[in-house]
Amino acid sequence: MAAFALNFAQIHAVSRSKFVVQCCSPSQVRHINGGVVKPIVVTGDPPTFVSAPQRRIIAVGDLHGDLSQTRSALQLAGVLSSDGFHWTGRDTVLVQVGDILDRGEHEIAILSLLKSLHVQAKSKGGAVFQVNGNHETMNVEGDFRYVDPGAFDECADFVEYLEQYKGNWDDAFLNWIYVSEVWREERALGDNKWSPWNIVKRQKGVVARSALFSPGGVLACELSRHPVVLKINDWIFCHGGLLPHHVKYGVERMNKEVSDWMRGSKRETDGPKMPFIALRGYDSVVWSRLYSREPNPLQHQPWKISSIAQKTLGEIKAKGMVVGHTPQTNGANSSKYDSRVWCIDVGMSSGVLNSSPEVLEIVDNKARVLKRHTDSFDELAVVDYL
């Protein structure tokens with residue numbers, strides 16, 4: 001199984017182009033007040049700077065392996081069909097801010113769904129971007145402490161499923177969202193948790209996960225296509241939080257170094273090192289909770305944190321920042337730091353808080369939270385922060 005994954009990774013070439021331009025066909029061009037909307041332009045590999053003129057932006061927080069809640073959040077945002085497979089967002093730009101992995105059973109299915117939606121969105125003049133969080137980097141590092149048992153089973157199924165595609169990664173990965181439930185149901189029919197063979201299958205899942213996610217594995221290579229910091233128009237999206245020393249180091253440089261590490265690039269005799277500034281330590285991009293935790297006057301005065309946020313945004317020429325990582329028990333908010341930083345992890349996964357999905361919508365540089373009324377799922381509540 002491991003040998004298969006390594007061979008598969010060798011033929012899975014990750015695109016390394018510097019500039020990517022997404023254009024609309026004549027039938028898909030949207031007009032506003034008689035003018036034509038410009039195409040999305042992406043700079044950096046992985047994407048770092050995105051120009052998406054006149055686009056509606058939707059940001060979604062931590063998903064942690066819960067496919068049902070993922071679909072609910074995307075449907076709440078108006079970008080996913082009722083059947084859970086098709087893009088309905090026209091030229092909307094969707095951003096997921098990390099932590100798709102761990103605590104839930106359907107991680108690869110969610111990754112496949114988002115990739116499928118990206119392909120569909122591009123044909124409409126939109127786009128789907130993903131930002132890697134600390135749980136993505138933990139799994140590439142081989143830290144499986146928070147992996148749900150069902151997720152190991154999904155890995156074993158996925159490796160077996162890949163064998164049928166004879167190296168055609170793109171088709172295999174895009175189609176997994178459509179067939180994953182069938183594989184899960186077939187496995188459930190034969191499961192006996194007291195069977196000695198079930199223990200062997202669980203070990204098979206651990207081996208499969210290691211092959212898929214270790215640097216150079218096919219899913220590690222897929223994650224390598226995603227940044228840890230993404231700037232779309234005037235907004236920064238990252239998992240933990242961007243700080244002044246990150247900007248000084250260079251966000252494109254960080255994204256490239258993390259990508260190289262995940263792909264297992266052989267620039268050094270033993271491969272590239274795990275980038276510390278982005279992935280390790282309490283003040284790294286994927287781990288920082290400076291903006292998302294509750295203010296503690298004894299440690300950090302709120303005005304000091306607001307000042308740090310203002311300095312960071314000023315240095316990278318942005319107006320706002322969107323982060324996940326820390327569940328907000330009172331819902332998505334920006335009240336802590338003068339509306340400069342939005343915290344959108346609401347713990348929606350059943351493996352976390354199982355809370356009602358909420359998403360952030362940004363239109364004309366104005367952000368608002370979209371959520372459902374608790375007493376009526378059919379009625380949409382909107383909380384505005386200008």
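A residue counts as buried when its relative accessible area is under 20%. By that yardstick, 55% of the 386 residues of the protein chain are buried in this predicted model. The chain still exposes about 16900 Å², and carbon and sulfur atoms supply 53% of that area.

Here is how the chain is put together. Its secondary structure consists of twelve helices and 15 strands. Looking at contacts between residues at least 6 apart in sequence, 68% join residues at least 24 apart.

How far can you trust the coordinates? The average pLDDT of the protein chain is 86, and 81% of the residues score at least 70. Two stretches call for some care, and they are set out below.

| Stretch | pLDDT | Contacts in the model |
|---|---|---|
| Residues 1–21 | under 50 | 49 contacts beyond four places in sequence |
| Residues 381–386 | below 50 | 18 contacts beyond near neighbours in sequence |

Where pLDDT is low, the predicted coordinates should not be read in detail.

Now for one helix pair to look at on your screen. Helix 3 covers residues 107–122 and helix 5 covers residues 149–162; their axes come within 8 Å and cross at roughly 60°. Because of that angle, helix 3 counts as oblique to helix 5.

Which residues make the contact between them? From helix 3 come Glu 107, Ile 108 and Ala 109, which meet Ala 151, Glu 154, Cys 155 and Phe 158 of helix 5. Sorted by character, the residues of this contact are five nonpolar, two charged and no polar.

Methods
Residues numbered from 1 in each chain as written. Predicted model: local features only at pLDDT ≥ 70, side-chain atom pairs only at ≥ 80, totals over all residues. Heavy atoms only, no water. Helix = DSSP H or I, 4+ residues; strand = E, 2+ residues; numbered from the N terminus. Buried < 20%, exposed > 50% of the residue type's maximum accessible area, 1.4 Å probe, protein only. Contact = heavy atoms within 4.5 Å. Areas by Shrake-Rupley, 256 points an atom, 1.4 Å probe, with all protein chains shown as cover. pLDDT = per-residue confidence, 0-100. Axes fitted to C-alpha atoms, helices over the stretch in contact; angles between N-to-C directions. Parallel < 35°, antiparallel > 145°, perpendicular 65-115°, else oblique. Nonpolar A, V, L, I, M, F, W, Y, C, P; charged D, E, K, R; others polar.
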